[in-house]
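Welcome! Please take a moment to look over the sequence and the model shown here before reading on.

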Amino acid sequence: MAQQPRAQAGGRRESKRARIHRMHEEYRILREEFPDAVCALDHTNPFELLVATVLSAQTTDKRVNTVTPELFGRFPDARSMSEAELGEVEAIIHPVGFHHAKAVHLIGLSQMLVDDYDGQVPPDMDELVKLPGVGRKTANVVLGNAFGIPGFPVDTHVTRVTARLRWRDDWKSTHPDPVRIEREICGCFPPEDWTNLSHRLIFHGRVTCHSRKPDCAHCPLAASCPSAESYLGAPVDPDSVPRFRAGTRIYGE
């Protein structure tokens, strides 16, 4: 496999056209690496996904999945959750952290769903972000995974991986704007790719492109990644780049 041109290699600036071509090649590899990428939050309907996504803030999907069976068994829909006692919800979701604020949000958004949307989760960005505790990231998760409406959730993994791959102009920023990231990345891919693109970037961040110490030696994108050489401390040998691991499916850690 021929080595892809490295972004800003040897002081040469990568053109936008070349970068977009590289992005699509790297995404092709991620599709092979994670062919079955799906939302890691367990759910059976839009309400459950909305609740689980709100709970996932500042914690892992895996931990959220440990509390939602009891939570949904006790409060299976917006109406029952809207009538819940705050203390009972807090006790169930305590392991995910920030349990008081999250319980307030869950009861509040459920009351709003009952009062304004007949108990149903609205399939619309502008309506979703009106709900307590719901921002663009949560709304995009719900739109893409519950309704099949293209959405690109930007979490910490997506932010980190797109910066290291230099998929975006502000990759050096220490406080990047998630809305700008969403807009820039979505502008380079067709809408039908957005949801699964986010999933695969998230999985790649969990499995290989770790926050503190990325595993560049075992990364299938190392040959074209602009950051790999600096982490490895040596040029990347294209022949050493691992092939994809078909069927890999990693849940939140």
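What follows is a short tour, from the overall build to the empty spaces and then to a few single residues.

## The overall build

This is a predicted model. Its secondary structure comes to 12 helices and 0 strands, and the pattern along the sequence reads α-α-α-α-α-α-α-α-α-α-α-α. If you are new to helices, here is a handy guide for the eye. An α-helix has 3.6 residues a turn, so residues three or four places apart point the same way.

The protein has 253 residues, and 50% of them count as buried. Its accessible surface comes to about 12400 Å², with 50% of that belonging to carbon and sulfur atoms. Take the contacts between residues at least 6 apart in sequence: 62% of them join residues at least 24 apart.

## The largest pocket

Rolling a probe the size of a water molecule over the atoms shows where empty space is left. The largest pocket found has a volume of about 650 Å³. Its lining is made up of 29 residues, and those nearest the centre are Ser56, Thr59, Asp61, Lys137 and Asp155.

What kinds of residues make up this lining? By class, the lining of the largest pocket holds 10 nonpolar, 13 polar and 6 charged residues. Four helices each supply at least two of the lining residues: H2 (46-55), H8 (136-146), H9 and H11 (194-207).

## The enclosed cavities

Searching the whole structure turns up 2 cavities of 30 Å³ or more. The largest cavity has a volume of about 110 Å³. Of the 16 residues lining this cavity, His204, Cys209, Cys216, Cys219 and Cys225 are the closest to its centre.

The lining of the largest cavity has 11 nonpolar, 3 polar and 2 charged residues. Helices H9 (156-164) and H12 (228-232) each provide at least two residues of this lining. H9 therefore appears in both places: it supplies at least two residues to the lining of the largest pocket and at least two to that of the largest cavity.## Helices H8 and H11

Two helices that help to line the pocket, H8 and H11, are worth a closer look. In H8, the buried residues are Thr138, Ala139, Asn140, Val141, Val142, Leu143 and Gly144. Which helices do the buried residues of H8 pack against? Their partners are H2, H7 (125-128), H10 and H11. Just after H8 comes glycine 148, which takes a positive phi of about 70°.

H11 has 14 residues and reaches 20 Å from its first C-alpha to its last, close to the 20 Å expected at 1.5 Å a residue. This helix is mostly covered, with 13 of its 14 residues buried.

## Two buried residues

Valine 142 is found in helix H8. Is valine 142 buried or exposed? Valine 142 counts as buried because its relative accessible area is 0%, below the 20% cut-off. Leaving aside neighbours within four places in sequence, valine 142 is in contact with Leu49, Leu50, Val121, Leu128 and Phe147. Its C-alpha atom is 9.8 Å from that of asparagine 45, although the two residues are 97 residues apart along the chain.

Glutamate 182 belongs to helix H10 (residues 178-186). Glutamate 182 is buried too, with a relative accessible area of 10%. Setting aside its neighbours within four places in sequence, glutamate 182 is in contact with Arg136, Asn140, Phe152 and Val154. Asn140 is itself one of the buried residues of H8.

## Two residues with positive phi

Most residues other than glycine have a negative phi, and most peptide bonds are trans. Two residues here are good places to look with that in mind. Phenylalanine 98 has a phi near 50°, a positive value in a residue other than glycine. You can find phenylalanine 98 in the loop between helix H5 (86-93) and helix H6 (99-117).

Arginine 166 also has a positive phi, about 55°, although it is not a glycine. Arginine 166 lies in the loop between H9 and H10. How do the two fare for exposure? Phenylalanine 98 is exposed, with a relative accessible area of 55%, whereas arginine 166 is buried, with a relative accessible area of 17%.

Key. Residues numbered from 1 in each chain as written. Predicted model: local features only at pLDDT ≥ 70, side-chain atom pairs only at ≥ 80, totals over all residues. Heavy atoms only, no water. 1 Å grid on protein atoms, 1.4 Å probe; cavity = no way out; pocket = protein on both sides within 12 Å on 5 of 7 lines; lining within 4 Å. Points joined across faces, edges and corners; volume = space filled by probe spheres on them. Nonpolar A, V, L, I, M, F, W, Y, C, P; charged D, E, K, R; others polar. Buried < 20%, exposed > 50% of the residue type's maximum accessible area, 1.4 Å probe, protein only. Contact = heavy atoms within 4.5 Å. Areas by Shrake-Rupley, 256 points an atom, 1.4 Å probe, with all protein chains shown as cover. Expected span 1.5 Å × (residues − 1).
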